[in-house]
Amino acid sequence: MSLASALARGRRAAERLMVDQCVIRRDAGTTYDPVTGYPTPNTTEVYAGRCRVQQQTASAGQRDVGEATVLLLRLEVQLPMSVVGVRVDDVVEVTASMHDPDLPGRRFRVRELAHKTHATARRFGVEEVTS
């Protein structure tokens with residue numbers, strides 16, 4: 001078996017595990033209502049489709065924000081290799097989950113990009129902020 005065919009098989013296997021759905025959006029600036037002056041954040045959709053959310057380790061970081069303390073959970077979002085253009089600070093929102101009813105609606109900020117030659121999936125380090 002050639003390396004190319006083994007890699008293709010690995011990518012198909014990885015995609016079979018991506019049973020959840022997500023949308024990834026990027027901040028596209030803010031517009032202001034000319035009458036009220038209220039800001040409206042704008043976003044651009046980067047990707048919508050299958051994904052997989054994994055918690056690689058049980059580690060979490062605690063940060064103080066103003067007078068509040070928040071818990072930052074580090075997870076990994078996996079996407080098909082055909083997905084390109086995801087950047088740090090993009091926001092991943094899970095829209096459907098086959099096996100975890102608590103996952104839809106959760107939002108994660110991309111913090112780490114990973115690139116490698118023989119990857120079977122795009123893997124992004126993300127953080128969910130909870131209090």
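**Close-up views of charged side chains**

**View 1. Arg 111 and Asp 89 meet through their side chains in a salt bridge, with 2.7 Å from N to O.** This pair links distant parts of the chain, for Arg 111 belongs to strand 6 (residues 107-112), whereas Asp 89 sits in the loop between strand 4 (68-79) and strand 5 (91-96), and the two are 22 residues apart. The model shown here and in the other views is predicted. Arg 111 counts as partly exposed because its relative accessibility is 35%, and Asp 89, at 40% relative accessibility, also counts as partly exposed.

**View 2. Glu 128 and Arg 106 form a salt bridge between their side chains, at 2.8 Å from N to O.** Glu 128 lies in strand 7 and Arg 106 in the loop between strand 5 and strand 6, so this pair ties together parts of the chain that are 22 residues apart in sequence. With a relative accessibility of 9%, Glu 128 counts as buried, whereas Arg 106 is partly exposed, its relative accessible area being 27%.

**View 3. Glu 127, placed in strand 7 (residues 122-130), is shown with the arginine side chains of Arg 74 and Arg 111.** A polar contact of 2.7 Å joins the side chain of Glu 127 to that of Arg 74, and another polar contact, of 3.4 Å, joins the side chain of Glu 127 to that of Arg 111. The strand that holds Glu 127 is strand 7, which spans residues 122-130. Glu 127 counts as buried because its relative accessibility of 11% falls under the 20% cut-off for that class.

**View 4. The side chains of Glu 127 and Arg 111 also meet in a salt bridge, at 3.4 Å from N to O.** Here again the pair links distant parts of the chain, with Glu 127 in strand 7 and Arg 111 in strand 6, 16 residues apart. Salt bridges that share partners join Arg 74, Asp 89, Arg 111, Glu 112 and Glu 127 into one network. Within this view, Glu 127 is buried, with a relative accessible area of 11%, whereas Arg 111, at 35% relative accessibility, is partly exposed.

**View 5. Salt bridges in the model come to a count of ten.** Side chains of opposite charge can pair when their charged atoms come close. Among the ten salt bridges are the pair of Arg 111 with Asp 89, the pair of Glu 128 with Arg 106, and the pair of Glu 127 with Arg 111.

Notes:
Residues numbered from 1 in each chain as written. Predicted model: local features only at pLDDT ≥ 70, side-chain atom pairs only at ≥ 80, totals over all residues. Heavy atoms only, no water. Helix = DSSP H or I, 4+ residues; strand = E, 2+ residues; numbered from the N terminus. Buried < 20%, exposed > 50% of the residue type's maximum accessible area, 1.4 Å probe, protein only. Polar contact = N/O pair within 3.5 Å; in protein donor to acceptor, adjacent residues only side chain to side chain. Salt bridge = Lys/Arg side-chain N within 4 Å of Asp/Glu carboxyl O.
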